[in-house]
Amino acid sequence: MSPKAETSRRSQPASPSPAETPAPNNVPFAFARDHQVTREDGALLVGPRATVLGLREICRRTGQPLTITQLAQDAFDRALERIYQADNNATAPDDGLSFDLEEGKSAASQRDLLEDAEDAPVIQLVNQLLRRAVLSRASDLHLEPSETGLRVRMRIDGFLQTIMERDDVPVRRVVSRLKVMAGLDIAETRLPQDGRIPLRLGGRLIDTRVSSLPGSYGERIVLRILDRSTGLMDLDALGLTEDQIALLERLSALPNGIILATGPTGSGKTTTLYSLLKLTNRDERNIVTVEDPVEYDLPGVNQSQVNSDIGMTFAAGLRATLRQDPDVILVGEIRDTETASVAAQAALTGHLVFSSLHANSSIGAVVRLRDLGLDDFLISATLRGVVAQRLLRRLCPSCATPAPPTQNEAAHFLRHQMSAPPVIHAPQGCASCNNSGYAGRVGIFEMTEVDETLRAAIDNGASEMELTRLGLSEEQTLIGQALLQVAAGETSLAEALRVVGDGA
């Protein structure tokens, strides 16, 4: 491309984003939200705060009689989200965007991502990237400057997918825009920074954690996306069996002790702990949490945020909660000796403590607590149960292909004293799953209840192998649970081995 053609291309005005081009005969999103009127399938949807101006404008645009449907505020917000996001999902974030030297305007910290009609190209790009990540249910969004430009990837179902790679993007302005939204210091480019961006998307509350890290070609930005509108899940929706649900209900009804959730980052530990809190949340119980960050607002639960910059650590917050007359305490993570010790003392003094811990298995939590400095007698006296979990990608129902297992595939089942199924399914890839072969994820759980036998073994300093033999059968281990999902056709054997390995 010649320099003249390139200059011409970059000087073109930005194409309107999908949010500023409403459905035919409809009104723009911001107008519909503010005046509480919109149109869908020949019906005029009216919110509780509809204005005369809004009614006149939408009738003028339609030019024909409409059936009026009066909606409550929540129902109207959901209708807005459904109508105005319909066309956004399929729109690539870089379609029609060109860039020049115009400086972007500063936006409000909680501006709705569907409202960007008058924004500069850089602001449009950032909004569209955030909007696409939320609509795609991505857990993370990565912006990675390189020698040639900017690469943007998002993590869906545990895997990173490239959604944009361009050499004409003003990388520094994009990074600065995100730092301004997150309340970070745009002048500081040599040190890592952390912040958050509270957003809305068609009425949905989106909380975004922002991390910047200096690199060779500029600052790398990673955003952790939390959609608060999804709400908490019931235990049966997490993929738990009836026996596992019964065990968790029994553990959550205990008057004291420590219950741990273990697993790598992004395996769903927080979701499981919050679901357990729902079981314990009764009017006669005082529940206090110390979290980093507070991911969901729980009615009836007293939640506090960790802030290590001012000394509000997990250990300090846990000590403070003990003076709040709690019955149940949730500690976001046990990551050091001090927090582990205070949690154990809280359990000994009659409190039920939920927390997460980084360990590879449920029995591995015992070894990790030993590593943090807790004595065996203290672990055996306070630990009541451990949940180890992983997330497996679920096979796409449209293209999963059944086939009899080969001899090598059947050997994985036989090695763990399990019968090989007559058929197992493998991913193929189709348009509905973006040729990945997978759609969504399913949880697997390894649960260990610390009974009298395990308590005595822990007190005597038994090894992890001995504790596993005493506390778990083959089917109850993570690999056993994964193989059960393979036999049920929920996931592939390759995915099960990728996530949990063959623990033989």
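1. **How much is buried.** Of the 504 residues in the protein chain, 47% are buried. Keep in mind as you read that this is a predicted model. The chain exposes about 23,900 Å², and carbon and sulfur atoms supply 49% of that area.

2. **The parts list.** If you scroll through the secondary structure, you will find 17 helices and 18 strands in the protein chain. It also helps to ask how the chain meets itself: among contacts between residues at least 6 apart in sequence, 64% join residues at least 24 apart.

3. **A small sheet to start with.** Look for the open sheet of 3 strands, ordered β1-β2-β3 with mixed pairing. Its edge strands are β1 (37–40) and β3 (67–70), each of which pairs on one side only. On average, neighbouring strands here are turned by 30° against each other, direction ignored. Between β1 and β2 (residues 43–46) the run is antiparallel, with 4 bridges joining the two. You can check one position yourself: R39 stands opposite L44 in β2.

4. **A helix on that sheet.** Helix α3 (residues 52–62) packs on the sheet and touches β1 and β2. The direction of α3 makes about 30° with that of β1.

5. **A strand with two partners.** Now turn to β15 (383–395), where 11 of the 13 residues are buried, leaving the strand mostly covered. Strand β10 (residues 257–262) runs parallel to β15, joined to it by 5 bridges; T262, for example, has A388 of β15 as its bridge partner. With β18 (438–449), β15 runs antiparallel, and 10 bridges join them. In that pairing, G385 stands opposite E449 of β18. As a general reminder for your viewing, side chains in a regular strand alternate between the two faces of the sheet.

6. **A helix with a buried face.** Which residues of helix α17 (residues 493–500) are buried? They are L493, E495 and A496. Seen down the axis of α17, these residues fall within an arc of 160°, so they line one face of the helix. Their cover includes β15, α13 (407–415), β17 (424–426), β18 and α16 (478–487). Just after α17 comes G501, which takes a positive phi of about 70°.

7. **A stretch named in a record.** UniProt, in an unreviewed entry, places the feature "domain: Bacterial type II secretion system protein E" at residues 322–336. In the model, residues 322–336 are 0% helix and 27% strand. The end C-alpha atoms of this stretch are 18 Å apart.

8. **Two residues to compare.** Is T339, in helix α10 (residues 337–348), buried or exposed? T339 counts as buried because its relative accessibility is 0%, and the cut-off for buried is under 20%. Leaving aside neighbours within four places in sequence, T339 is in contact with F314, A315, L318, V331, E333 and I334. Next, find P402 in strand β16 (residues 401–403). P402 has a relative accessible area of 47%, so it is partly exposed, a class that lies between 20% and 50%. With the same neighbours left aside, P402 is in contact with I424 and H425. The C-alpha atoms of P402 and I424 are separated by 5.5 Å, although the two residues are 22 residues apart along the chain.

Notes:
Residues numbered from 1 in each chain as written. Predicted model: local features only at pLDDT ≥ 70, side-chain atom pairs only at ≥ 80, totals over all residues. Heavy atoms only, no water. UniProt positions renumbered as here; feature names shortened; annotations may be inferred. Buried < 20%, exposed > 50% of the residue type's maximum accessible area, 1.4 Å probe, protein only. Contact = heavy atoms within 4.5 Å. Arc of directions from axis to C-beta. Pairing = 2+ DSSP bridges. Axes fitted to C-alpha atoms, helices over the stretch in contact; angles between N-to-C directions. Areas by Shrake-Rupley, 256 points an atom, 1.4 Å probe, with all protein chains shown as cover.
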